[in-house]
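Okay, thanks for squeezing me in. I'll put the structure up and then talk through a few spots in it.

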Amino acid sequence: MDTTAGSVITVGLGGRSYPIHFGVDILGNLPRLAREAGLGGRAVIVTNETVGPLYCSAVVEVLEQGGIRTASLLLPDGEEHKHLGTIQRIIDFLLEQGADRRTWLVALGGGVIGDMVGFAAAVFLRGVPFVQVPTTLLAQVDSSVGGKTGVNHPSGKNLIGAFHQPRFVLVDVATLMTLPEREYLGGFAEVLKYGIVLDGTFFDYIEEHQRQILDRDRETLLQLTRRCCELKAMVVERDEREEGMRAVLNYGHTLGHAVEALTAYRSYTHGEAVAMGMVAATRVSAHFGCCSTAEAERVRRIIVASGLADRLPPFSRDEYRRAILKDKKMKEGALTLVLNEGIGGFRLQPVTDIDAILDVCGIGG
Ligand SMILES: NC(=O)c1ccc[n+]([C@@H]2O[C@H](COP(=O)([O-])OP(=O)(O)OC[C@H]3O[C@@H](n4cnc5c(N)ncnc54)[C@H](O)[C@@H]3O)[C@@H](O)[C@H]2O)c1
Ligand SMILES: [Zn+2]
């Protein structure tokens, strides 16, 4: 299949449906896509101090050439800025610029920018349109699709937010060429997640194309981002508000989040922690008879071969237990774990005996 010309899929959510466009060097398509989406003649681009110098002037230029008036806001870079204070800054800027209900926002950056800009768009004037131009692998395969937006609170991550779907998503895989290696590999962990719990054939594809993926081959990245978005769209179409099946996307995240919290979000990227969490999840899946030890080993092998760590950092069982209990996915005393059924399937497993699970993961007393 020749995809170099770019391709498009749709997230089917009735009146809130939207396209995701994939291509190489396709930022120039923004004005046309904006017109097709019925967006108005004024846009505010929100990005950060790292991504802005790389891509913002190109975005401004193509929009202005396309007859769209623009203003841009450069925010500081980092998850530590993902809080309500920064939302206030975005809103202050929109008011200074005289933005109205027809003004649309462009989230140009990774998941942090996407989550914040989406949330600002959800609440400014009770909702203005926004588009996602994700520039990290994680954002291109996960956070830019599905309409979850929000910020952190001092007592926990993503505690404040709203569902607000973008008007379209533009995935330009050429932007991944400037992404630091660790960020890229972290995104790759989320790519693997889709294969492990939703599509065994895709997992085979990833195994076969590991070299091209690690080399950031553009054609392979087009296939990869597109398949992940198709799978995410399928999940979101079935369960937009995470009342059931959308939980599958938390595969590897229970222990992943625990690792992030225990290391104060400093030692590992999100994807690195999720990779460890996924290796642990395969062990638990094997324990429950959901997959063979050979399948668990297949997952571990690809994680290690790509340069991600497979071992959980050595905290005590008590520390892991407390970190897991703090995670917001505990419901009525039971923790719902996402297990892999073979490779390519999943099962949501309620668990009450957390210690037994920690045992299986090799977390001692
Ligand atoms: N809304 C959702 O459904 C959802 C899903 C998963 C994760 N998230 C959120 O996403 C966030 C993580 O996103 P992330 O991993 O993209 O992190 P990020 O946005 O912090 O980006 C990682 C780093 O890469 C830099 N960067 C981005 N694009 C670049 C490029 N093309 N070239 C060079 N540098 C670039 C960023 O400035 C940053 O320093 C978290 O806040 C998480 O909660 C949201
Ligand atoms: Zn994740």
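Let's start just past H10, at Ala 264: its phi is positive, near 55°. Keep in mind throughout that this is a predicted model.

Now H10 itself, residues 253-262. How many of its 10 residues are buried? The count is 7, so "mostly covered" is a fair label for H10, given that buried here means under 20% relative accessible area. Going along the helix, the buried ones are His 253, Thr 254, Leu 255, Gly 256, Ala 258, Val 259 and Glu 260. And what do they pack against? There are four helices on that list, H6 (181-198), H11, H13 (317-326) and H14 (354-360), plus strand S11 (334-341).

Stay in that area for a second. Between H10 and H11 (270-287) there's a loop, and Thr 269 sits in it. Is Thr 269 buried or exposed? Its relative accessibility is 15%, and the cut-off for buried is under 20%, so Thr 269 counts as buried. Setting aside neighbours within four places in sequence, Thr 269 touches Arg 182, Glu 183 and Gly 186.

Okay, over to another loop, the one linking strand S1 (7-11) to strand S2 (18-23), where you'll find Arg 16. With a relative accessible area of 45%, Arg 16 comes out as partly exposed, because that class runs between 20% and 50%. Beyond its neighbours within four places in sequence, Arg 16 is in contact with Gln 165 and Glu 240. The Gln 165 pairing spans 149 residues in sequence, yet the C-alphas of the two are 6.9 Å apart. With Glu 240, Arg 16 makes a side-chain to side-chain polar contact of 2.5 Å.

Last stop, the ligand. Ligand 1 has 26 residues around it, and the closest are Asp 77, Glu 79, Thr 135, Thr 136 and Thr 178. By type, that shell splits into 7 nonpolar, 10 polar and 9 charged.

For the polar pairs, the side chain of Thr 135 puts an N or O atom 2.7 Å from a ligand nitrogen. Thr 175 uses its backbone instead: an N or O atom there is 2.9 Å from a nitrogen of ligand 1. Then Asn 158 has a polar side-chain atom 3.3 Å from a ligand oxygen. On its own, ligand 1 exposes 860 Å², and the protein buries 87% of that. Elements giving two or more residues to the shell are helices H2 (51-65), H4 (111-123) and H5 (137-143), along with strand S8 (156-163).

That's it from me.

Definitions and conventions:
Residues numbered from 1 in each chain as written. Chains lettered and ligands numbered in written order. Predicted model: local features only at pLDDT ≥ 70, side-chain atom pairs only at ≥ 80, totals over all residues. Heavy atoms only, no water. Buried < 20%, exposed > 50% of the residue type's maximum accessible area, 1.4 Å probe, protein only. Contact = heavy atoms within 4.5 Å. Polar contact = N/O pair within 3.5 Å; in protein donor to acceptor, adjacent residues only side chain to side chain. Near = heavy atom within 4 Å. Areas by Shrake-Rupley, 256 points an atom, 1.4 Å probe, with all protein chains shown as cover. Nonpolar A, V, L, I, M, F, W, Y, C, P; charged D, E, K, R; others polar.
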